[in-house]
Amino acid sequence: MIRVLAVAFAGCHAAQYGLFLGSWLVLGGAALDGDVTGRSIALWAAALAGSLLCRAAAVRLQGELATVIGRRLRGRLLRGALALDESHVRREGTGHLLGRVLEAESLEDLAVGGALAGLAGGLELVLAGVLLTAALGPVVGLLLAAWLVVAAVLLRRYEQRRRRWSAVRLALGNTLAEQVAGHRTRAVQQPDDPPGDGTHDLHDTLARRMDRSWTALTALVPRGWALTGVMLLAAQASQGADRVSVAAAAGGVLFTFGALGRLVGGLAGVADARCAWDALRPLLPSGSTEDGPLCPDGTDGVPLLEAEDVGYTYPGRERPVLQQVTLRVDAGDRILLEGASGSGKSTLAGLLGGQRAPSSGILRLHGATPAEVGAAGWRRRVLTVPQPDHNHLMLGPLALNLFIGRGWPATPGDLADADAVCRALGLGDLLDRMPSGLAQIVGETGWQLSHGERSLVFLARALLQEPEVLVLDETFGALDPHTLERALAVARERARTLLVIRQ
């Protein structure tokens, strides 16, 4: 689809400028020869009208290209973000991830706009080169090629400086996010004007260097060519060339000036898009996410979920947090896993739920490995509810928060299920207090829920997804004894297979 649209766009753009040049060659030649007739004017008008129609088609195709590419890019980014390893997210920091996401906003415009502008400029340059070669001889091709080499060198230099500036900008974004998150601590413990680490100064220095490279690329190359073209025209005029040839050559020089400007501007946009793409690469999915075939429940001798000699080492660390863990979970099991803080319980939960890949050993679900099952299929069948501090309540209706993972918008039957689960867990008073019930906006700036209420919402969200294995990582820590007993009873009743982790 994209290839077809790109070829059609290139064809329309080439036809547009071919007809445009042809129209003015017809009219200009007739005017210089003193032979402007109704026929020449009609040919000029027809060619110009055809150029306008091709221009309209090119604009339409450009919009369709941008839509298709943008949709595919956003889909890949969403799938990649959902597949990010938890340890990678923690290692990156909020600011770095935010900076990468902001790059996505500009990537579509830079890639599509820059690539299409560069393609259009290249087509125009070819047409102008043919016109100039016919008017001025082959030497003009060598001079134009020399300026293209200069443009390539300047483009390479600009891209290198753009990459260095982007890396520092991501670091500044992380610093900003940390300062915003810890503003209350800084207000009482830091001086009014704390010393900086020099990152801002480095950012400003790199920004100025990048701007100078961009200016050299987009201003020096077209204007340098224009000066070269004027010198060629002067030499041609001094040799007594006829007026039609001089006029055609002058038009070719001006046309080449505009084409070269659009080409280097488009290529600069492509360089920006390449830098943004590199920043976004960690958010893009790698590996299969498709569901693979699984054996049905109850296969003789095959456990539902199995860990065999599993170990895990966090990136950048030498000592493993888990070593040679072996665990068997059969359908219908109710398992309690206890351990001290820092003993690797949450890490094991992440491994079982598919949020992390083991450093050693093997995991199986119905006898199949994660690669055979697929990331999406594994996470849907083995659902891990992270600790409440690592779980999130989205800004939106309570019903939306409950049906993350099950599907949205919810049907009347879905809403009835959600109401029943919430009331069974002890959230009935909350639903009755909220003016809009399940439609009430909750979250950071919405209706505020207590820590215990949030934990119950997270549990209800997991139960409504009806996974084959439900792993609860310290979900009950914020609940009072009575509510805990009630919530645990609901989890035991509704979960097909249950693994509870507590300290």
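## Cysteines and a positive patch

Count up the disulfides here and you get zero. Keep in mind that this is a predicted model. Two topics are worth a look: a pair of cysteines, C12 and C54, whose sulfurs are 5.8 Å apart, and a positive surface patch built from arginines such as R157 and R212.

**The cysteines**

- A quick reminder: a disulfide is a covalent bond that links the sulfur atoms of two cysteines.
- Why is C12 not bonded to C54? The closest cysteine sulfur to that of C12 belongs to C54, but at 5.8 Å it is too far for a bond, because a disulfide needs the two sulfur atoms within 2.5 Å.
- Seen from the other side, C54 is in no disulfide either, and its nearest cysteine sulfur is that of C12.
- Buried or exposed, what is C12? With a relative accessible area of 19%, C12 counts as buried, since the cut-off for buried is under 20%.
- C54 is buried as well, with a relative accessible area of 17%.

**The positive patch**

- Five residues form a positive patch on the surface: R157, R164, R208, R209 and R212.
- Which helices supply at least two residues each? Those are α5, covering 139-181, and α7, covering 199-238.
- Helix α7 gives the largest share of the patch, with three residues.
- One patch member, R212, sits in helix α7.
- R212 has a relative accessible area of 52%, so it is exposed; the cut-off for that label is over 50%.

Technical notes
Residues numbered from 1 in each chain as written. Predicted model: local features only at pLDDT ≥ 70, side-chain atom pairs only at ≥ 80, totals over all residues. Heavy atoms only, no water. Patch = residues over 30% accessible without salt bridge, like charges linked within 9 Å, V, L, I, M, F, W, Y side chains within 5 Å. Areas by Shrake-Rupley, 256 points an atom, 1.4 Å probe, with all protein chains shown as cover. Salt bridge = Lys/Arg side-chain N within 4 Å of Asp/Glu carboxyl O. Lys, Arg positive; Asp, Glu negative; His and termini not counted. Charge placed at Lys NZ, Arg CZ, Asp CG, Glu CD. Helix = DSSP H or I, 4+ residues; strand = E, 2+ residues; numbered from the N terminus. Buried < 20%, exposed > 50% of the residue type's maximum accessible area, 1.4 Å probe, protein only.
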